Amino acid sequence: MVVTGLPWADALLFGLLGLVVGSFLNVVIHRLPRMLERQWADECTQYGQDAGLLPAREAAAGQLAYNLWTPRSHCPACARTVRWHENIPVLGWLALRGRCAGCGSRISLRYPLVELVTGVLFWFCASRWGASATALAWCGFCAALVALTCIDWDTTLLPDDITLPLLWAGLLAAFAGLTAVPLSDAVAGAAAGYVSLWAVYWAFRLLTGKEGMGHGDFKLFAALGAWFGWQALVPIILLASVFGALVGLALKAFSRLREGGYVPFGPFLALGGLAALVWGPARIERAVLAVFGLA
């Protein structure tokens, strides 16, 4: 697949596409958890149970259409609808100077950062694989990990709506020859990724009586195994564990840990997956072992 015939131009176009996709990911990050909460609240109501999930105002509005497309993007403080030119990736935020044009409320810096990170990742995929189906497949992989990282950090949720399609996409990409991972290795990676964290979860629960991670982590690790093969699981989990521990210690030192003292593990699994994409699992493993003087 050739877009312009110029590698640098194709990479630039992919980067611009990434900015647009990043803008959409901001909507997914914000709305998908709320959509799931509404769904759970409706299911609880059907069974005559107290949902206890939504604020009264949101529960009362539960019958209104709310999805990734409706209602239009608006300021959560003053409900002013965001105009089309204010939605231009990065430039819209800069033009507004990070504040709502209506009420002056601060707009999180994370919005342009998500757009920029997604744009850079798309550019990287096109630079590495050209304007190809392989590049598009890895762009989808990156977009899913960006969304999962932010959602898990905010809510400790790793929605099946993203993790399961990511898992199946990895298996299909291997079947189609888009990832250079044999299908047998992808299937083994998916199985090993799920079972390994499932076993850790139950061992921790039996020893402490507490839950150390959520089931979404199993599914995300299984998806990474499908995309990279079983051989990449150890490097990915090593990197995720090291960075997770460092961030946890830093948050504890600055008294920024959440109630219960937990740190979501999904963002660090996603970081391990993106690192494996950029540098390769073998290089990650050597780097981590070198840090501990084991290389």
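**Notebook: cysteines and the packing around helix 10**

I began with C142, whose sulfur is 4.0 Å from the closest cysteine sulfur, that of C125, and this is too far for a bond. The cut-off I applied for a disulfide is a sulfur pair within 2.5 Å. I note here that the model is predicted.

I then looked up how open C142 is to solvent. Its relative accessibility is 1%, so I entered C142 as buried.

How many disulfides does the structure hold? I found 0. C103 is in none, and its nearest cysteine sulfur, in C78, lies 3.7 Å away. I put C103 down as partly exposed because its relative accessibility is 40%.

**Helix 5 against helix 10**

C142 turned up again when I looked at helix packing, since it is among the helix 5 residues that touch helix 10. I took helix 5 as residues 133-155 and helix 10 as residues 266-279; their axes come within 8 Å and cross at roughly 155 degrees. That angle makes the two helices roughly antiparallel. I recorded the crossing as left-handed.

Which residues make this contact? From helix 5 I listed W138, F141, C142, L145, T149, D152 and W153. From helix 10 I listed G266, P267, F268, A270, G273, L274 and L277. By class, I have 10 nonpolar, 3 polar and 1 charged.

**Helix 9 against helix 10**

Next I checked helix 9, residues 233-253, whose axis comes within 8 Å of that of helix 10 and crosses it at roughly 130 degrees. I therefore entered this pair as oblique. The handedness of the crossing is right-handed.

On the helix 9 side I noted I236, I237, L239, A240, F243, G244 and V247. They meet F268, L269, L271, G272, G273, A275 and A276 of helix 10. The division here is 11 nonpolar, 3 polar and no charged. F268 and G273 of helix 10 appear in my list for helix 9 and also in my list for helix 5.

**L197**

My last entry concerns L197, which I placed in helix 7, residues 183-208. Is L197 buried or exposed? I counted L197 as buried, because its relative accessibility is 5%.

What does L197 touch beyond its neighbours within four places in sequence? I found M213, D217, F218, F221, I237 and L269. For F218 I also looked up the separation from L197: 21 residues in sequence, and 5.5 Å in space from C-alpha to C-alpha. I237 and L269, both in contact with L197, are also part of the contact of helix 9 with helix 10, I237 in helix 9 and L269 in helix 10.

How values were computed:
Residues are numbered from 1 along each chain as its sequence is written. This is a predicted model: local features need pLDDT of at least 70, side-chain atom pairs count only at pLDDT 80 or more; totals for chains, interfaces and linings use all residues. Side-chain values use heavy atoms; hydrogens and water are left out. Axes are lines fitted to C-alpha atoms, for helices over the stretch in contact, and angles run from 0 to 180 degrees between N-to-C directions. Helices (H or I, at least four residues) and strands (E, at least two) are DSSP runs, numbered from the N terminus. Angles under 35 degrees count as roughly parallel, over 145 as roughly antiparallel, 65 to 115 as roughly perpendicular and the rest as oblique. A crossing is left-handed if the near helix is turned anticlockwise from the far one by less than a right angle, and right-handed if clockwise. Contact means heavy atoms within 4.5 Å. Ala, Val, Leu, Ile, Met, Phe, Trp, Tyr, Cys and Pro count as nonpolar, Asp, Glu, Lys and Arg as charged, and the others, Gly among them, as polar. Buried means under 20% relative accessible area, exposed over 50%, partly exposed in between (1.4 Å probe, protein chains only).
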